[in-house]
Amino acid sequence: MATKQVSNIKLTVNTAFFIALKSIQRGSLTVKLVTVFILLLTFLNLIVVGGLLIGITEDVGIKVKNSHVGDVFIEPAKEYDYIQNTNEIFSILSGIPDTHYSPRLTTGATIEYEYKKATGGKNPARASTVITGIDPFLEKQVTIINKRIISGSFLDERDWDGIVLGSSLVDGYTSGKQGTDATLGHVVVGEKVRVRFPSNRLYEFTVVGILNSKSSAVDQRAFINQKILSQLLSTDRYNYSEIAVVTHGNIPPTSIIEMLRNINLGDRNNIKTFDQAIPSAVNDIKKAFGLIGNIVSVTALMVGIVTVFVIIFVNASSRRRYIGILKAQGISAPTLILSYIFQIIFYVLVGVILGALTLFIFLQPYFAKHPLSLPMADGQLLLTTSYVSIRVVILFISSIISAFIPAWFIIRQNTLDAILGR
């Protein structure tokens with residue numbers, strides 16, 4: 001009995017495949033081209049928009065990592081103003097191969113521009129910011145902000161009175177603002193700005209560079225030499241507000257964190273991986289873009305499914321007499337339905353192959369060379385195997401369903417009515 005059932009299934013599949021093959025060969029060339037083109041566009045819509053959005057959100061995270069937090073980010077615990085036991089931290093980090101760190105000192109402050117021209121009770125242009133004191137040499141080993149100077153130059157170890165301004169603090173250097181609306185206006189490299197510290201102490205700096213990292217956490221800051229900031233704040237030169245660590249060796253960031261926590265540094269300091277240190281706004285952007293990508297993909301899929309449904313329905317309706325004759329000759333309804341499923345599988349397969357060639361030969365290389373330049377990121381077409389595979393499977397399943405329903409609706413008609421065209 002089981003052998004007979006297997007034989008019947010095999011016969012049904014072979015017959016359905018033969019009917020599908022002949023239908024494809026004898027079908028209208030225009031219909032075939034339109035069907036493949038629709039499935040090609042559906043496939044690209046499923047992949048490209050979501051892939052670009054993923055590429056944008058991933059680049060946002062990469063820019064935060066490469067320009068600010070690194071692989072491991074250390075901050076003081078809530079009850080402390082500065083990181084505790086920095087000498088022990090530096091000793092551990094220095095002993096890890098291919099690992100670099102950049103300690104920073106930060107403070108809130110207000111920068112003023114053209115203050116000498118503000119007369120008659122007028123206030124100068126002002127912008128609130130975070131003044132970040134860095135060691136320029138160490139910072140270059142950890143982040144890439146020295147490579148993101150769009151005007152002037154980066155800080156030098158001898159720039160005691162030099163300051164680098166983030167692009168969100170000024171006008172005229174980028175197409176959009178990432179920070180607050182309050183800016184200093186169009187500041188030119190070489191001009192003077194005045195910083196008003198929390199103690200109301202004033203200090204004049206010379207602008208040596210304008211920085212645009214496309215990371216809002218960085219571009220809303222101003223950078224000066226850490227030693228001069230320690231003097232201005234009257235604090236110990238070994239007090240630090242944050243330490244960014246990068247490792248290029250075989251030791252993962254989680255192992256570095258464990259090394260630091262094993263000497264009880266974790267109780268006095270907040271030690272995080274990149275994923276933990278990334279600003280919540282970046283995670284919110286990722287979620288929002290992911291949702292938008294899914295909505296666009298679902299919409300594109302529904303349009304493709306409805307179009308395939310209509311094509312199969314029209315095709316089956318126009319061949320009702322042919323279907324009736326096949327049924328009269330003993331071809332079962334499941335066999336005929338399966339033949340339409342085989343046809344749509346063929347068209348989807350051709351559409352996916354053409355779409356994959358378009359993606360990987362043309363679109364992905366194009367966006368790699370010409371990324372979408374946005375104020376917060378450079379968007380590339382990011383495609384992973386799992387991302388593409390899932391959408392291909394969804395497209396196949398949806399297309400099979402959209403082919404089954406109209407085929408079943410037409411084929412279930414009475415055989416005689418179908419032959420007579422009633």
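Which exposed residues does the face of H3 turned away from its buried side carry? I began with this helix and found Asn87, Ser91 and Ser94 on that face. I note at the outset that the model is predicted.

**Entry 1: overall counts**

I looked up the totals before going further into single elements. The protein has 422 residues, and buried residues make up 43% of them. I listed 13 helices and 12 strands as its secondary structure. For the surface I have an accessible area of about 21300 Å², with 59% of it belonging to carbon and sulfur atoms. I also took the contacts between residues at least 6 apart in sequence; 77% of these join residues at least 24 apart.

**Entry 2: helices H3 and H7**

I went back to H3, which spans residues 86-94. I find Thr86, Ile89, Phe90, Ile92 and Leu93 buried there. Viewed down the axis of H3, these buried residues fall within an arc of 165 degrees, so they line one face of the helix. I then asked which elements the buried residues of H3 pack against. My list holds strand S1 (72-76), S2, strand S9 (242-247), helix H7 (253-261) and strand S10 (269-273).

H7 is on that list, so I treated H7 in the same entry. Ile256, Ile257 and Leu260 are buried in H7. Down the axis of H7 the buried residues fall within an arc of 100 degrees, so they too line one face of their helix. I checked the packing from this side and find the buried residues of H7 against S1, H3, S2, S9 and S10.

**Entry 3: strand S8 and its partners**

I looked at strand S8, residues 221-225, for burial. The strand is mostly covered, with 5 of its 5 residues buried. Which strand pairs with S8 in the parallel sense, and over how many bridges? I find strand S3 (residues 125-134), over 5 bridges. Strand S5 (residues 162-166) pairs with S8 in the antiparallel sense, over 2 bridges. I used Phe223 of S8 as a marker: Thr132 stands opposite Phe223, and Val164 also stands opposite Phe223.

**Entry 4: salt bridges**

I counted 13 salt bridges. I looked up several of the pairs.

Asp378 forms a salt bridge with Lys63, with the closest N and O atoms 3.3 Å apart. Asp378 lies in strand S12 (residues 378-379) and Lys63 in helix H2 (residues 29-69), so the pair ties together parts that are 315 residues apart in sequence. I have Asp378 as partly exposed at 22% relative accessibility, and Lys63 as buried at 13%. The cut-off for buried is under 20%, so Asp378 at 22% does not count as buried. I followed this pair further and find Asp59, Lys63, Lys214 and Asp378 linked in a network of salt bridges.

Are the two partners Glu139 and Arg104 buried or exposed? I looked at the contact before the burial: Glu139 forms a salt bridge with Arg104, the closest N and O atoms being 3.0 Å apart. This pair links distant parts of the chain, with Glu139 in helix H4 (residues 136-142) and Arg104 in strand S2 (residues 99-113), 35 residues apart. Glu139 is buried at 1% relative accessibility, and Arg104 is buried at 2%.

Asp156 forms a salt bridge with Arg158, the closest N and O atoms being 3.5 Å apart. I find Asp156 partly exposed, with a relative accessible area of 26%, whereas Arg158 is exposed at 66%.

**Entry 5: a nonpolar patch on the surface**

I then turned to the surface and noted a nonpolar patch with about 960 Å² of accessible area together. Its residues are Val306, Phe309, Val310, Val314, Val393, Ile397, Ile401, Phe404, Ile405, Trp408 and Phe409. Which helices each supply at least two residues of the patch? I have helix H9 (280-318) and helix H12 (385-411). H12 gives the most, with 7 residues. I picked Ile397, which is found in helix H12, for a closer look. Ile397 counts as partly exposed, at 47% relative accessibility.

Note on methods
Residues numbered from 1 in each chain as written. Predicted model: local features only at pLDDT ≥ 70, side-chain atom pairs only at ≥ 80, totals over all residues. Heavy atoms only, no water. Salt bridge = Lys/Arg side-chain N within 4 Å of Asp/Glu carboxyl O. Helix = DSSP H or I, 4+ residues; strand = E, 2+ residues; numbered from the N terminus. Buried < 20%, exposed > 50% of the residue type's maximum accessible area, 1.4 Å probe, protein only. Arc of directions from axis to C-beta. Contact = heavy atoms within 4.5 Å. Patch = residues over 30% accessible without salt bridge, like charges linked within 9 Å, V, L, I, M, F, W, Y side chains within 5 Å. Areas by Shrake-Rupley, 256 points an atom, 1.4 Å probe, with all protein chains shown as cover. Pairing = 2+ DSSP bridges.
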